[in-house]
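Student: I'd like to learn how to read a protein model feature by feature. Could you walk me through one?

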Amino acid sequence: MKIAFLHTGQMHVPTFDGILSDLNFDGDVTHKVAADLLERAQTGGVEAIRADTVNALMELADADAVLCTCSTIGPSLESLPAGTDHILRIDRPAMEDACRIGPNPTIAICLESTREPTLNLLHRVAADIGIEIAPKAMICDGAWDYVEKGDFDGFANRIAKRVRETVAADPDTHCVLLAQASMRRAAALLQDLPVPLLTTPEPAVRELLATA
């Protein structure tokens, strides 16, 4: 079995290798890192990188299954040619879980460029399942600054603080979804949250392996 990943940051490689190790995966793994795609999407929007994202994914398409691990560039997968159903977006499996938990999920994001593609996909997922939802998008302002400085502990702490504040202020929240793969780092700090906490990498990898 051969699987492949398209990342927009080198920091994701050990994360997904660790998940694969936990799942005892012993097949072939390819990691492609294209940091410029996220940088350009933040300034020019998804349309500015759509063609290059499709090209990068098609370079990996000979794998049995491929996972795009960046939520911001995920909408580019809509432009893939026919016969590429084995190329997956990272956030859909966790979104399906969130929709099934309850209609009022809180979606935590760290980049404004992620808001629109994340919420658009979430509403499509809910429609596919046949559920009406009223999600709340919560921006973890200032968190990404820590990533740019290489301070991943500060990044996780900032996310955890904002999530706790939001849940405390909104008792109707049914669950919290950390919408970007990098935000998984904050999960260990939120184990006592009074509502379910969802992250995107693990369910996406399970879907990837099932597809492969």
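**Two helices that cross**

Tutor: Let's start with a pair of helices, keeping in mind that this model is predicted. Helix α4 (residues 92-101) and helix α8 (residues 201-211) have axes that come within 7 Å and cross at roughly 115°.

Student: How are two packed helices described in general?

Tutor: You give the angle between the axes and the distance between the axes. Here you can add a hand: α4 and α8 make a right-handed crossing.

Student: Which residues of α4 and α8 meet?

Tutor: On the α4 side they are P93, A94 and D97, and on the α8 side P203, A204 and E207.

Student: What about α7, and why does its span agree with its number of residues?

Tutor: The 18 residues of α7, at 1.5 Å a residue, should span 26 Å, and the end C-alpha atoms are indeed 26 Å apart, so the two agree. At the N-terminal end of α7, D151 acts as a cap, with a side-chain oxygen 3.5 Å from the backbone nitrogen of D153.

Student: Which residues of α7 are buried?

Tutor: First the general idea: an α-helix has 3.6 residues a turn, so residues three or four places apart point the same way. In α7 the buried ones are G154, F155, A156, I159, A160, R162, V163, T166 and V167. They pack against β5 (105-109), β6 (136-139), α6 (143-148) and β7.

Student: Where does T173 sit, and is T173 buried or exposed?

Tutor: Look in the loop between α7 (152-169) and β7 (175-178). T173 counts as buried because its relative accessibility is 5%, under the 20% cut-off. Its side chain has a polar contact of 3.1 Å with the side chain of T106. Setting aside neighbours within four places in sequence, T173 touches N104, T106 and V195.

Student: How many disulfides are there?

Tutor: A search of the whole structure turns up 0. For C99, the nearest cysteine sulfur is that of C175, 8.2 Å away, and C99 is in no disulfide.

Student: Why is there no bond from C175 to C99?

Tutor: Because the two sulfurs, 8.2 Å apart, are too far for a bond; a disulfide needs them within 2.5 Å. Both cysteines are tucked away: C99 is buried at a relative accessible area of 2%, and C175 is buried at 0% relative accessibility.

Student: Let's do some loops. What is the sign of phi in N24?

Tutor: In general, most residues other than glycine have a negative phi. N24 has a positive one, near 60°. You'll find N24 in the loop between α1 (12-22) and β2 (28-33), and it counts as exposed at 66% relative accessibility.

Student: And E47: buried or exposed?

Tutor: Exposed, because its relative accessibility is 58%, over the 50% cut-off. E47 belongs to the loop between α2 (35-44) and α3 (50-58), where its side chain makes a polar contact of 2.7 Å with the side chain of R50.

Student: Which residues is L80 in contact with?

Tutor: Leaving out neighbours within four places in sequence, they are V54, L57, M58 and I87. L80 is in the loop between β3 (65-68) and β4 (87-89) and counts as buried at 13% relative accessibility. The C-alpha atoms of L80 and R50 are separated by 9.7 Å, although these residues are 30 residues apart along the chain.

Conventions
Residues are numbered from 1 along each chain as its sequence is written. This is a predicted model: local features need pLDDT of at least 70, side-chain atom pairs count only at pLDDT 80 or more; totals for chains, interfaces and linings use all residues. Side-chain values use heavy atoms; hydrogens and water are left out. Helices (H or I, at least four residues) and strands (E, at least two) are DSSP runs, numbered from the N terminus. Buried means under 20% relative accessible area, exposed over 50%, partly exposed in between (1.4 Å probe, protein chains only). A polar contact is a pair of N or O atoms within 3.5 Å; within protein, one must be able to donate a hydrogen and the other to accept it, and residues adjacent in sequence count only if both atoms are side-chain atoms. Contact means heavy atoms within 4.5 Å. The expected span of a helix is 1.5 Å times one less than its number of residues. Axes are lines fitted to C-alpha atoms, for helices over the stretch in contact, and angles run from 0 to 180 degrees between N-to-C directions. A crossing is left-handed if the near helix is turned anticlockwise from the far one by less than a right angle, and right-handed if clockwise.
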